[in-house]
Amino acid sequence: MKLPQTPSFRLDGRTALITGASRGIGLAAAVALAEAGARVILAARSTDDLAAAVDAINLRLSETDTSGKHLPVASSVALDMSKPESIDAVVNDVPEIDILVNNAGIARHGPMLETELEDFDAVMDVNLRGAYRMAQLVTRKMIEQGRGGSIITTSSQMGHIGGVDRSVYCASKFAVEGWTRALAIEVGKHGIRVNTICPTFIRTPLTESTLTNPERVEWIMSKIKLDRLGELEDIMGPVVFLASDASGLITGSSLMIDGGWTAG
Ligand SMILES: NC(=O)c1ccc[n+]([C@@H]2O[C@H](COP(=O)([O-])OP(=O)(O)OC[C@H]3O[C@@H](n4cnc5c(N)ncnc54)[C@H](OP(=O)(O)O)[C@@H]3O)[C@@H](O)[C@H]2O)c1
């Protein structure tokens, strides 16, 4: 009997660009992709944090060639997602990209009735305009390379539901969900898959103020069916899955990592 072959979760020989990789979810994604065999390029504004992250990944994972020389798997590049010229320069300078984790993001939470346009613009510049531009340029590069690719944008469960004090953040993430689907339609013929990951509350510097507010924690815990907050490790498997051949027919989709929040 001829059995089907499980597609590989390995990423050997592939190059991944991860934005917002100086800490939090982006850093976890970079570690996971490197452990699955990819060369990883970590991008963000904080170059000292990036350098420390790259050193730590290379210490854990660097390969040795036949002469005993260490071949680093991780490197970094400075990137400001609020500046289109910075995005253009990074995509231009990176020699090749098979996987994009389009993850950099910010939040300015508060009631919609009190939102300042400055806060609206700041969030949209990074979460929507920056992520859109990054996906556009990387997709063009992948088409030129001619070997397909995987674009994974860190959206949120807040790209599917509303949340307390989260009008601007929700607007940015719902928009990400929209262009993800439109881009998937456009580039499927090139073998480029375009998806989002949609985490619930994960412990990172971004969520520190929310997770130290007892009222907010009560709200969060009343919604997560698995009865616990998310940890960085909860992101790592889903990112590798969407980057790898194991998710070969998945595009234009959202992978919920929400402990059942949006189930009802
Ligand atoms: N934590 C959660 O609960 C949660 C849930 C759902 C979705 N998300 C999404 O996950 C992503 C990562 O969040 P996180 O929790 O890991 O946040 P975080 O710990 O605050 O990290 C954010 C990352 O984005 C980078 N970044 C911010 N502004 C940037 C800019 N202008 N240019 C380049 N990089 C920039 C930061 O690096 P620098 O400051 O060094 O530039 C940092 O590496 C975001 O898109 C967020 O919306 C988070």
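**Exercises on a sheet and its surroundings**

**Exercise 1.** Leaving aside its neighbours within four places in sequence, which residues is N195 in contact with? Then decide whether N195 is buried or exposed.

*Solution.*
- Outside that window of four places, the contacts of N195 are I152, T180, L242, I250, T251, S253, S254 and L255. Two residues are in contact if their C-beta atoms, placed from the backbone, lie within 7 Å.
- The model is predicted: local features need pLDDT of at least 70, side-chain atom pairs count only at pLDDT 80 or more, and totals for chains, interfaces and linings use all residues. Residues are numbered from 1 along each chain as its sequence is written.
- N195 belongs to strand 8 (residues 192-199). Helices (H or I, at least four residues) and strands (E, at least two) are DSSP runs, numbered from the N terminus.
- N195 counts as buried because it has 24 C-beta neighbours inside 10 Å. The cut-offs are 20 or more other C-beta atoms within 10 Å for buried, 12 or fewer for exposed, and in between for partly exposed, with C-beta atoms placed from the backbone.
- One of the contacts is S254; N195 and S254 are 59 residues apart along the chain, and their C-alpha atoms are separated by 5.8 Å.

**Exercise 2.** In what order do the strands of the open sheet stand, and is the pairing parallel or antiparallel?

*Solution.*
- The sheet has 7 strands in the order 5-2-1-6-7-8-9, with parallel pairing. Two strands pair if DSSP finds at least two bridges between them.
- Strand 5 (74-78) and strand 9 (254-257) are at the edges; each has a single partner strand, so one side of each lacks a neighbour in the sheet.
- From one strand to the next, the twist averages 20°.
- Helix 2 (residues 47-61) packs on the sheet and touches strand 2 (39-44) and strand 5, making about 170° with the direction of strand 5. Axes are lines fitted to C-alpha atoms, for helices over the stretch in contact, and angles run from 0 to 180 degrees between N-to-C directions.
- Helix 5 (residues 167-187) also packs on the sheet, touching strand 7, strand 8 and strand 9; the angle with strand 8 is about 160°.

**Exercise 3.** Which residues of strand 6 are buried on each side, and how many bridges join strand 6 to strand 7?

*Solution.*
- In a regular strand, side chains alternate between the two faces of the sheet.
- In strand 6 (residues 99-102), I99 and V101 are buried on one side, and L100 and N102 on the other.
- Strand 1 (residues 15-19) runs parallel to strand 6 and is joined to it by 3 bridges. There, I18 stands opposite V101.
- Strand 7 (residues 149-154) is also parallel to strand 6, with 4 bridges between them. I99 has S150 as its bridge partner in strand 7.
- From strand 6 the chain passes through helix 4 (residues 117-145) to strand 7, a right-handed β-α-β crossover. Right-handed means that, with the strands pointing away from the viewer, the path from the first strand over the helix to the second runs clockwise.

**Exercise 4.** How many residues surround the ligand, and which helix gives the most to the shell?

*Solution.*
- The ligand is surrounded by 30 residues, the closest being G20, G24, R45, S46 and G105. A residue is near a molecule or strand if its C-beta atom, placed from the backbone, lies within 6 Å of it.
- Helix 1 (residues 24-35) gives the most, with 3 residues.
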